[in-house]
Amino acid sequence: MHVDVVKTGMLPSLGIVKVLHKSLREYPVPALVVDPVMVSTSGDVLAGPSILAGFRNELLPMADLVTPNIKEASVLLGGVQLESVSDMRSAAKLIHDMGPRNVLVKGGHLPDSLDAIDVFFDGESFHELHSSRIKTRNTHGTGCTLASCIAAELAKGSSMLSAVKDAKHFIETALAYSRDIIIGKGAQGPFDHHFRLKNGQSSCRLDRLNPNDLLLYAVTDSGMNRKWGRSIADAVKSSIEGGATIIQLREKDAETREFLEAAKACLEICRLHGVPLLINDRIDVALACDADGVHVGQSDMPAHVARSLLGPEKIIGVSCKTPEQAQQAWIDGADYIGSGGVYPTNTKENNRTIGLDGLRTVCLASKLPVVAIGGIGTSNVRAVMEIGVPNLKGVAVVSALFDRECVLTETRKLHAVIMEATSLVK
Ligand SMILES: Cc1ncc(COP(=O)(O)OP(=O)(O)O)c(N)n1
Ligand SMILES: Cc1nc(C(=O)O)sc1CCOP(=O)(O)O
């Protein structure tokens, strides 16, 4: 394999900085990621003034990306204190002025924050990248691994922001996987990079969402099921038997305790069939019953806060009607987006319809898999699945399944049409 990216940690002497600088000039690499390891975990500054000067003047102007943590950013900037995300933004801009094309200031050491916030600056826009804070002593090597992952993603052809996002996700998952490993006696242990190879040997779920699970997304409505005289759990069971591939409990008028009991009963059914169960809006209910994730809208808990509350292993879906919302959902650590209303619906009041064109626009702007929602049933699902955008993975449906006498029959019918439509698309 040809990997044409160089990643460097802090170099122990000015001589090596100079040699590297010279060889990079002679043999330029397509992308240079610089991880300035210049402050030890205990806070000692590892780089003397001459190394710092060589680093600033010779390496940074060549770098496509530099990835200091807040202590290293502070050293690079002559000792300014960084205590907030706003300070990190100012630091990213000042470091950018030193010449690198992109800057990622890592906020893992920022005190008092629920999640780990990194600030990415590409010279024009800032992005705050959130991930959950994993409580573990095994954090040794995260900075080097992050930079190496970014370099590897760039070599695979990713854009800089995508590479950073993917690398952050790798680190977050690896930290969760390594949380309880005990190696050595020091205050800090190493984390395990090989979790993908060891999949199956840990209780940690590595791939939160299989996008194919979005194919037929059944979203419950207690009013409808009550009207037809069945429990939420019975409705969920029938929909799964009919072919539903993922379930969302959207119980707008349920009391918390009633909702939690229903969620636990549904979870038992879903686990039996290997179907993920998500909770609409209620992060507390999702946490209490250990559901597989949540779905949040634009006026609900922001996805990055949901991620920090739920941790790296849970699925998060976000409703998006515009390309900007889709981009933000991706930045915030969502796993999929729900986009609609594709058609008018009576299930959700005052819902803006975006049509097939709006759906296509959102799909094209989204780096995440998309599920279409709103007024979808057997008569129009084919038109939705045939819009010809590969990341449209399925349809989410409420009334076409649950406002019917027989959930099993309706789900089977819808499933059959979707299967036919998707086989024609392929
Ligand atoms: C899959 C899916 N997509 C969109 C929605 C709508 O969620 P939201 O915007 O939060 O609106 P409410 O469902 O809360 O009315 C969804 N629930 N599922
Ligand atoms: C819950 C919901 N969200 C929508 C959105 O556009 O985000 S449309 C919708 C209701 C979907 O119900 P039905 O399948 O009965 O039309």
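1. Domain bounds in this note come from an automatic or database domain assignment. On that basis the protein, which is a predicted model, is divided into domain 1, covering residues 5–178, and domain 2, covering residues 211–425. The centres of the two domains, taken over C-alpha atoms, are separated by 38 Å.

2. The contact between the domains takes 12 residues from domain 1 and 10 residues from domain 2. On the domain 1 side, the elements that give two or more residues are β6 (126–132) and α6 (160–178). Of the elements on this side, β6 gives the most, with 5 residues. By class, the side of domain 1 that touches domain 2 holds 3 nonpolar, 6 polar and 3 charged residues.

3. Helix α6 deserves a separate remark. At 1.5 Å a residue, its 19 residues should span 27 Å, and the end C-alpha atoms are indeed 27 Å apart, so the expected and modelled spans agree. The helix is mostly covered, since 14 of its 19 residues are buried.

4. Also in domain 1, A116 is found in strand β5 (residues 115–121). A116 has 22 C-beta neighbours inside 10 Å and therefore counts as buried, the cut-off being 20 or more. Leaving aside residues up to four places away in sequence, A116 touches G107, G108, S131 and R133. The C-alpha atoms of A116 and E172 are separated by 9.6 Å, although these residues are 56 apart along the chain.

5. Turning to domain 2, an unreviewed UniProt entry lists residues 216–401 as "domain: Thiamine phosphate synthase/TenI"; such an annotation may be inferred rather than shown by experiment. In the model, the end C-alpha atoms of residues 216–401 lie 11 Å apart. The span is 42% helix and 19% strand.

6. Strand β7 (residues 216–219) is covered on both faces. L216 and A218 on one side, and Y217 and V219 on the other, are all buried. β7 runs parallel to strand β14 (residues 392–397), to which 3 bridges join it; here A218 stands opposite V397. β7 also pairs in the parallel sense with strand β8 (residues 246–249), again over 3 bridges. In β8, I246 is the bridge partner of Y217.

7. Some backbone features merit inspection. Most residues other than glycine have a negative phi, and most peptide bonds are trans. G340 and G341, however, are joined by a cis peptide bond, with omega about -10°. G341 is found in the loop between β12 (336–340) and α13 (355–365).

8. The loop between β12 and α13 also contains N350. Phi of N350 is near 50°, a positive value in a residue other than glycine. N350 is exposed, because 4 other C-beta atoms lie within 10 Å, where the limit for an exposed residue is 12 or fewer.

9. D290 likewise has a positive phi, of about 60°, although it is not a glycine. D290 lies in the loop between α10 (283–289) and β10 (293–296). With 12 other C-beta atoms within 10 Å, D290 is exposed; that count falls exactly at the limit, because a residue is exposed if 12 or fewer are found.

How values were computed:
Residues numbered from 1 in each chain as written. Chains lettered and ligands numbered in written order. Predicted model: local features only at pLDDT ≥ 70, side-chain atom pairs only at ≥ 80, totals over all residues. Contact = placed C-beta atoms within 7 Å. Helix = DSSP H or I, 4+ residues; strand = E, 2+ residues; numbered from the N terminus. Nonpolar A, V, L, I, M, F, W, Y, C, P; charged D, E, K, R; others polar. Expected span 1.5 Å × (residues − 1). Pairing = 2+ DSSP bridges.
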